[in-house]
Structures are given as C-alpha cells and as structure tokens.
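Work through these exercises with the structure open beside you. Try each task before you read its solution.

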Amino acid sequence: MLDLDQEIDEPNKKLPKKGIIYLSTIPPYVNVTKIREIFSEYGTVGRVYLQLEDKEPKIAQQKSKKRTIAKKFTEGWIEFERKSVAKKVAAMLNNTQVSNRKKSKQFDYIWNIKYLSNFKWVHLHERLAYEKAARRQKLRAEIQLAKKKTNFFTSNLSKSKKKLPVSASDFKFKRKPTSEASENIEDRKEFLSSLFN
C-alpha cells in the first residue's frame with residue numbers, strides 16, 4: 001500500500017485501478033470473513049459484499065428457533081486493490097473446486113467467477129438501491145391490492161346484512177291445480193299470437 005507521504009512526494013504517480021470480480025454462487029457455510037481469507041492469498045482485498053438469500057416464511061423460522069441457522073448467500077462481489085490481480089484471480093479460480101479436502105463442506109462446490117470490466121463499487125450500490133426500491137414498490141402494490149379486496153369484501157358483507165333474511169318457504173315450488181295450469185297455457189298462447197299477428 002502507498003503511504004500518504006509517498007503520495008505527497010510523487011503527485012504524478014497514478015493510484016492503481018481497483019478491480020471487481022463477481023461470484024454467482026456462494027457455497028454453504030461461507031461468509032464474508034471466509035471469502036476475505038480465501039481471496040487475500042492472491043492479493044489485497046478491499047471491500048466484499050455478499051447478497052443474503054431471501055428470508056423464509058415466518059412459520060419455518062418459528063420451528064427452527066432452537067438452533068441458529070447459518071446465513072445463506074446467493075451471490076457476491078469482491079473488490080481487489082489492483083485490477084490486474086482481479087483479472088488473474090477470475091481466470092485462475094473460475095470452474096475450480098472451492099476446497100480440495102474431501103471432508104470439507106465445500107468439496108462438491110465449484111467457483112463461478114467473472115471479472116467485471118468497467119464496473120465500479122458505486123454501480124453495485126446503485127443496483128442494490130434500485131432493487132430495494134423495486135421490492136418496496138411491489139410490496140406497497142400488494143398491500144394496496146389486499147386492502148381493496150378486504151374493503152370490497154366488507155362492503156359486500158355489510159350490504160348482504162342489510163337485506164332481509166330469506167326463509168326456506170320462499171324457495172319452495174308451489175304447485176297449481178291442473179285446471180289453472182291449462183288456463184295459463186291458453187292465456188300465454190293468446191298473448192303470443194296477439195304479439196306476432
């Protein structure tokens with residue numbers, strides 16, 4: 001690393017550009033400190049960000065309160081102090097085993113690493129802020145839809161309560177005597193003939 005004194009003495013010397021690599025999968029039981037430990041062997045690691053997996057429903061969390069579950073991460077970004085180191089690490093470790101020890105929990109997992117050219121740490125923050133805003137907007141829309149449905153249901157429920165209760169006798173089919181039925185049929189025929197004549 002450069003000293004502040006060196007920067008003042010040599011103003012024309014450029015600082016090395018930082019490089020960022022992207023990890024599309026994070027093996028289980030691997031966290032930020034473990035990632036930093038693994039990748040610091042290849043060069044100086046700056047910032048590390050791992051995306052947490054979406055939370056499970058509360059019902060599943062209540063069952064497992066007795067033991068603490070390790071956090072699961074879906075993807076990650078690692079910033080190296082030098083761009084050349086980031087490129088070399090991405091080329092060297094891509095499609096290689098995470099651990100060579102057979103008893104390791106990460107033995108069956110493979111690194112899937114890509115170097116992100118022209119990508120700055122600011123872009124990552126912008127993307128995460130956009131995703132967070134989109135999630136909030138989606139949640140607000142779902143809440144509004146649920147409120148509309150409940151309001152509609154309660155209004156219909158109150159309307160149905162205002163109506164008089166219907167008795168079973170209203171639905172019974174009452175038979176008319178046969179003589180009245182024949183008179184009704186004749187009246188109907190007369191009515192129809194008067195309409196179409």
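## Exercise 1: A buried–exposed pair

R127 is partly exposed, with a relative accessible area of 32%. The model is a predicted one.

**Task.** Find the salt-bridge partner of R127 that lies in strand β3, and decide whether that partner is buried or exposed.

**Solution.**
- Step 1. Look for the pair. R127 forms a salt bridge with E75, and the closest N and O atoms are 3.5 Å apart.
- Step 2. Place both ends. E75 sits in strand β3, while R127 belongs to helix α5 (residues 121–162). The two are 52 residues apart, so the pair links distant parts of the chain.
- Step 3. Check the cover. Buried means under 20% relative accessible area. E75 has 15%, so E75 is buried.
- Step 4. Widen the view. E75, R127 and E131 are linked in a network of salt bridges.

## Exercise 2: Strand to strand

**Task.** Which residue forms a salt bridge with E79, and which strands hold the two residues?

**Solution.**
- Step 1. Name the partner. E79 pairs with R47, with 2.9 Å between the closest N and O atoms.
- Step 2. Place them. E79 lies in strand β3 and R47 in strand β2, so the salt bridge ties together parts that are 32 residues apart in sequence.
- Step 3. Compare the cover. E79 is buried at 4% relative accessible area. R47 is partly exposed at 40%.

## Exercise 3: Loop to loop

**Task.** Where do E81 and K18 lie, and how many residues apart are they?

**Solution.**
- Step 1. Confirm the contact. The side chains of E81 and K18 meet in a salt bridge of 3.8 Å, N to O.
- Step 2. Place them. E81 is in the loop between β3 and α4. K18 is in the loop between α1 (4–9) and β1. They are 63 residues apart.
- Step 3. Judge the cover. E81 has a relative accessible area of 26%, which means partly exposed. K18 is partly exposed too, at 39%.
- Step 4. Note the total. The model has 4 salt bridges.

## Exercise 4: The nonpolar core

**Task.** How many residues are in the largest nonpolar core, and which element gives the largest share?

**Solution.**
- Step 1. Count the members. The largest nonpolar core has 22 residues.
- Step 2. Pick out the hubs. I21, I35, F39, I78, F80 and W111 have the most contacts inside this core.
- Step 3. List the sources. Two or more residues come from each of β1 (19–23), α2 (32–39), β2 (45–52), β3 (73–80), α4 (83–93) and β4 (113–116).
- Step 4. Find the top contributor. α4 gives the largest share, 5 residues.

## Exercise 5: Two patches

**Task.** Which residues form the negative surface patch, and which make the nonpolar surface patch of about 470 Å²?

**Solution.**
- Step 1. Take the charges. E183, E186, D187 and E190 form a negative surface patch.
- Step 2. Place one of them. E183 is in helix α6 (residues 178–196). E183 is partly exposed, at 46% relative accessible area.
- Step 3. Take the nonpolar side chains. F191, L192, L195 and F196 make the patch of about 470 Å².
- Step 4. Place one of these. F191 is in helix α6.

## Exercise 6: Sequence against space

**Task.** How many residues apart in sequence are A70 and N31, and what is their C-alpha to C-alpha distance?

**Solution.**
- Step 1. Locate A70. A70 is in the loop between α3 (58–63) and β3. A70 is partly exposed, at 37% relative accessible area.
- Step 2. Give both values. A70 and N31 are 39 residues apart in sequence, and their C-alpha atoms are 9.2 Å apart in space.

Notes. Residues are numbered from 1 along each chain as its sequence is written. This is a predicted model: local features need pLDDT of at least 70, side-chain atom pairs count only at pLDDT 80 or more; totals for chains, interfaces and linings use all residues. Side-chain values use heavy atoms; hydrogens and water are left out. Patches are made of residues with over 30% relative accessible area and no salt bridge: like charges are joined within 9 Å, nonpolar side chains (Val, Leu, Ile, Met, Phe, Trp, Tyr) within 5 Å. Accessible areas come from the Shrake-Rupley method with a 1.4 Å probe; for residues, only the protein chains shown count as cover. Lys and Arg count as positive and Asp and Glu as negative; His and the chain ends are not counted. The place of a charge is taken as NZ of Lys, CZ of Arg, CG of Asp or CD of Glu. Helices (H or I, at least four residues) and strands (E, at least two) are DSSP runs, numbered from the N terminus. Buried means under 20% relative accessible area, exposed over 50%, partly exposed in between (1.4 Å probe, protein chains only). A nonpolar core is a set of buried Ala, Val, Leu, Ile, Met, Phe, Trp, Tyr and Cys residues joined through side-chain atoms within 4.5 Å.
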